[in-house]
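Hello,

Here is the structure I promised to pass on to you. Have a look at it first, and then read on for what turned up.

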Amino acid sequence: MYHRPDIIHLRRGAQQLSIGCEFEDGAARYVGSIDGNRCVTSITREGAVFALLRHVRLT
């Protein structure tokens, strides 16, 4: 069995990136944030990571 942490923290220079899981109406939703500000959501953890990295690269 694999251990998957509930929150993923990444550092990019001075920015703190994080992915966390939230539950809405019984469904899991992964939320990505930069320095505590929510900016992306996805139904999968991997999708949230990729969306967050794309968002950081575009800003």
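V31 is buried, because its relative accessible area is 7%, under the 20% cut-off for that word. This is a predicted model, so please read everything below in that light. V31 is found in strand 3, and among the residues V31 touches are S18, I19, G20 and E22, along with R38, V40 and T41. One of these contacts is easy to find on screen: V31 and T41 are 10 residues apart in sequence, yet their C-alpha atoms lie 4.4 Å apart in space.

From V31 you can step over to V40, which touches V31 as well as Y30, G32, A48, A51, L52 and H55, leaving aside residues up to four places away in sequence.

V40 also leads to the largest nonpolar core, which has nine residues: L17, I19, Y30, I34, V40, A48, A51, L52 and V56. Strand 2 (15-24), strand 3 (27-34) and helix 1 (45-58) are the elements that give two or more residues to this core. Helix 1 supplies the largest share, four residues. As background, nonpolar side chains in soluble globular proteins tend to be buried together.

Lastly, a look at the start of the chain. Strand 1 (residues 8-12) runs antiparallel to strand 2, and five bridges join the two. R12 has Q15 in strand 2 as its bridge partner. Strand 1 and strand 2 form a hairpin with two residues between them, and G13 in the turn has a positive phi of about 65 degrees.

Enjoy exploring, and do write back with any questions.

Best wishes

Note on methods
Residues are numbered from 1 along each chain as its sequence is written. This is a predicted model: local features need pLDDT of at least 70, side-chain atom pairs count only at pLDDT 80 or more; totals for chains, interfaces and linings use all residues. Side-chain values use heavy atoms; hydrogens and water are left out. A nonpolar core is a set of buried Ala, Val, Leu, Ile, Met, Phe, Trp, Tyr and Cys residues joined through side-chain atoms within 4.5 Å. Buried means under 20% relative accessible area, exposed over 50%, partly exposed in between (1.4 Å probe, protein chains only). Contact means heavy atoms within 4.5 Å. Two strands pair if DSSP finds at least two bridges between them.
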